[in-house]
Amino acid sequence: MKKLSFLMLLLFVTIFSGCSNSELQTSDEEYTDEDTSTEKVDTGLNENPKLKTTDEVSYAIKTEFSKDVQHYAVIKNTGKVTADLSNVVITYTGKDGSVIAMDEVPYIAPYILKPNQEAYVMSSAIIDVEPEKFDKAEMTVSAIATGDNMVEMVDTSNTNMTIESEQTAKTSDVIVSGKVKNTLKDKTDIILIGGALYDEKDNLVATTFDKVESLLNPNQSVGFESSVQDVPMEALLKVKKHKTNASYYPDFE
């Protein structure tokens with residue numbers, strides 16, 4: 001009798017344990033389904049940015065005061081999402097493969113890049129080796145998708161380009177001057193000015209940069225001078241065309 005009672009108890013425990021496992025498995029499956037549906041929610045930023053470096057050029061120069069390497073580039077957003085270009089690194093290497101300089105904070109305008117827009121990159125770094133030992137510059141872009149309301153383009157007008165004549169015979173400066181107009185409905189305070197210089201065959205020669213810190217009401221304008229320094233004179237004499245853009249970054253809450 002005791003043996004029969006023990007077997008019945010054992011059978012009851014086994015059945016109860018099986019039911020509990022079945023309930024746990026069902027619960028796990030329900031959690032998985034719920035979790036999967038959560039992943040399917042589209043935030044609008046799931047697509048990775050698609051960027052293309054359309055032009056770039058590098059120089060190594062020696063001035064009266066220093067030895068420098070320079071890199072200029074044009075990046076185009078070929079994707080469907082707005083890209084944040086805050087993390088761009090330029091690595092300069094010598095002919096022996098060694099790293100001779102790095103620039104982790106190049107000038108970029110605009111650094112928030114909407115689809116089909118272009119950004120202009122300007123970089124310069126001091127080196128300890130002779131310019132002829134420079135080999136190449138490599139640009140690493142770690143862009144992330146960001147919201148659409150991070151940048152507004154504003155108008156530039158009446159731009160003209162001048163090459164400074166008081167520089168040395170080997171290098172010179174370029175200044176692209178003009179006016180930037182606030183075409184937005186709100187006030188602007190800090191505007192980035194980017195530019196690109198091309199030869200007659202549309203090859204990139206250099207890029208320019210400026211930051212305008214002036215409070216502008218809607219429809220107001222202010223002058224700017226977007227510039228680049230110590231570019232090889234031989235290259236600058238080939239410049240025939242230039243492009244300029246202006247961008248404002250509202251502080252959205």
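**Exercise 1.** In this predicted model, determine which residue of S5 stands opposite threonine 93, and place the pair in its sheet.

*Solution.* Step one: the residue of S5 opposite threonine 93 is valine 99. Step two: strand S4 covers residues 88-94 and pairs with S5 in the antiparallel sense, over four bridges. Step three: the sheet is open and has three strands, ordered S5-S4-S9, with antiparallel pairing. Step four: S5 (99-103) and S9 (134-141) are the edge strands, as each pairs on one side only. Step five: on average, with direction ignored, neighbouring strands of this sheet are turned by 20 degrees against each other.

**Exercise 2.** Identify which members of the largest nonpolar core touch the most other members, and list the contacts of valine 231 beyond four places in sequence.

*Solution.* Step one: the core has 25 residues, and the members touching the most others are Tyr59, Tyr72, Leu197, Leu204, Val228 and Val231. Step two: the elements that each supply at least two residues of this core include strand S1 (51-62), strand S2 (67-77), strand S15 (221-232) and helix H2 (233-236). Step three: another core, of 19 residues, lies apart from this one; Ala83, Val88, Tyr92 and Ala119 are among its members. Step four: with neighbours within four places in sequence left aside, valine 231 contacts Tyr59, Gln70, Tyr72, Lys170, Thr171, Ser172, Ala206 and Leu236.

**Exercise 3.** Characterise the protein chain by its secondary structure, burial and contact separation.

*Solution.* Step one: the chain contains two helices and 16 strands. Step two: of its 253 residues, 38% are buried. Step three: among contacts with a separation of 6 or more, 72% join residues 24 or more positions apart.

Key
Residues are numbered from 1 along each chain as its sequence is written. This is a predicted model: local features need pLDDT of at least 70, side-chain atom pairs count only at pLDDT 80 or more; totals for chains, interfaces and linings use all residues. Side-chain values use heavy atoms; hydrogens and water are left out. A nonpolar core is a set of buried Ala, Val, Leu, Ile, Met, Phe, Trp, Tyr and Cys residues joined through side-chain atoms within 4.5 Å. Buried means under 20% relative accessible area, exposed over 50%, partly exposed in between (1.4 Å probe, protein chains only). Contact means heavy atoms within 4.5 Å. Two strands pair if DSSP finds at least two bridges between them. Axes are lines fitted to C-alpha atoms, for helices over the stretch in contact, and angles run from 0 to 180 degrees between N-to-C directions.
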